[in-house]
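Reader: I am in my first year and still learning to read structures. Please take one part of this one and go through it closely, then show me what lies around it.

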Amino acid sequence: MTLTLVLPAYNEAARIEPALNELFGYLGRRGERARYGSPGAGLLPERIEVLVVDDGSTDTTAALVQARPEIAGSIPGITLSMISVPHGGKGAAVRAGMLAAVGDVVVFSDADMATPPDQLPLIVAALADHDVALGSRIQPDGSDMRSTQPIYRRLLGKAFHALASAWVIGPVQDTQCGFKGFTRAAAQDLFARQQVTSIVFDVEIIYLARRRGYRFAVVPIQWYDRRGSRMKAGIGLALRVAWDLFRIPLIHRRSAKRRSDATA
């Protein structure tokens, strides 16, 4: 079994180095337990590919990634590679990475490591008997790790969720967590069908997964608010989000459930 971790990155020069240091420090230790008793990298597949998707960065993001020693295979069983795509937004970068991934299971995560790497074993374990694993910042006791976000972000999130739940995705409570896993077959099918590249792309993927009949698990994960988001709230973004949510069921109205022996 192999794992590909996809990291979309756009102008992340200030954050990519410490994030990759944290990631490879965790992956290289390979114990069953990490610091503070969290799941260790020894619970992950032996072969791991970290794939950075440079989303047309105009800073030194790409150069910093290419200068990493892991590019040359400094950690046995773990490889680092990078692909560059024209700037098209996070949704387009994630799609490119997921379709290029070769692992048996494929996870995408935010490049700032807002979700710590020790949460990877939880997603991978869920994929043992599910096709899709959705990281959720809502904990089993009902607490929400997004409570550390600025109040305007939380209010926008509540409005977004109300609209998405009513029109598109049903009872999934945290659609926007940037930490999701897929079997390779599910990733190839779903992301090949993806058409939305705005911040709503997560909702489209969840909608498609339900419509196509994939088994999915919701996995509570740890998450920390890393300031530096480039999302600028405004009327233009609100209109784009509303339009994309409205059109998701329309553009996929002919997507049928998968047959057991082939992809419909």
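What is the relative accessible area of R215? Please start from that residue and work outwards.

Author: One caution comes first: this is a predicted model. The relative accessible area of R215 is 47%, so this residue is partly exposed. The cut-off for exposed is over 50% and the one for buried is under 20%, with partly exposed in between.

R215 has a partner. Its side chain meets that of D131 in a salt bridge, with 3.3 Å from N to O. R215 belongs to the loop between α7 and β7 (216-220), while D131 belongs to the loop between α4 and β5 (132-136), so the salt bridge ties together parts of the chain that are 84 residues apart in sequence. The two partners are not covered to the same degree. D131 has a relative accessible area of 10%, so D131 is buried, whereas R215, at 47%, is partly exposed.

Stay in this part of the chain and look at G213. This glycine comes just after α7 and takes a positive phi of about 85 degrees.

Now step back into the helix itself. Helix α7 covers residues 201-211. It is mostly covered, with nine of its eleven residues buried. The buried residues are F201, D202, V203, E204, I205, I206, Y207, L208 and A209.

Helix α7 packs with α8. How two helices sit together takes two values: packed helices are described by the angle between their axes and the distance between those axes. For α7 and α8 the angle is about 30 degrees and the axes are 10 Å apart. An angle under 35 degrees counts as roughly parallel, and therefore α7 is roughly parallel to α8. The crossing of α7 and α8 is right-handed.

Helix α8 spans residues 235-251 and contains F246. Together with W243 and L250, F246 makes a nonpolar surface patch of about 320 Å². F246 counts as partly exposed because its relative accessibility is 42%.

Back to salt bridges, to set the pair of R215 and D131 beside others. The structure holds twelve salt bridges. One of them joins K90 and D110, whose closest N and O atoms are 2.7 Å apart. This pair also links distant parts of the chain: K90 is in helix α3 (residues 90-100) and D110 is in the loop between β4 (105-109) and α4 (120-126), with 20 residues separating them. K90 counts as partly exposed because its relative accessibility is 33%. D110, at 21%, also counts as partly exposed.

Another salt bridge stays inside one helix. The side chains of R193 and D189 meet at 2.8 Å, N to O. Both residues are in helix α6 (residues 184-193) and four residues apart, so about one helical turn separates them. The geometry behind this is general: an α-helix has 3.6 residues a turn, so residues three or four places apart point the same way. R193 has 23% relative accessibility, so R193 counts as partly exposed. D189, with a relative accessible area of 9%, is buried.

Salt bridges can also join up into a network, and here E12, R15 and D112 are linked in that way.

G213 was a glycine with a positive phi. Two residues that are not glycines have a positive phi as well. N11 has one of about 50 degrees, and R30 has one of about 60 degrees. Both are in loops. N11 lies between β1 (2-9) and α1 (16-29), and R30 lies between α1 and β2 (47-55). With 21% relative accessibility, N11 counts as partly exposed. R30 is placed in that class too, because its relative accessibility is 27%.

One more contact between separate parts of the sequence is worth a look. M145 and Y224 are 79 residues apart in sequence, yet 7.3 Å apart in space, C-alpha to C-alpha. M145 lies in the loop between β5 and α5 (151-169). Its relative accessibility is 18%, so M145 counts as buried.

To return to the starting point: R215 is partly exposed, and its salt bridge is with D131, a residue that is buried.

Terms used:
Residues numbered from 1 in each chain as written. Predicted model: local features only at pLDDT ≥ 70, side-chain atom pairs only at ≥ 80, totals over all residues. Heavy atoms only, no water. Patch = residues over 30% accessible without salt bridge, like charges linked within 9 Å, V, L, I, M, F, W, Y side chains within 5 Å. Areas by Shrake-Rupley, 256 points an atom, 1.4 Å probe, with all protein chains shown as cover. Salt bridge = Lys/Arg side-chain N within 4 Å of Asp/Glu carboxyl O. Buried < 20%, exposed > 50% of the residue type's maximum accessible area, 1.4 Å probe, protein only. Axes fitted to C-alpha atoms, helices over the stretch in contact; angles between N-to-C directions. Parallel < 35°, antiparallel > 145°, perpendicular 65-115°, else oblique. Left-handed = near helix turned anticlockwise from the far one by under 90°.
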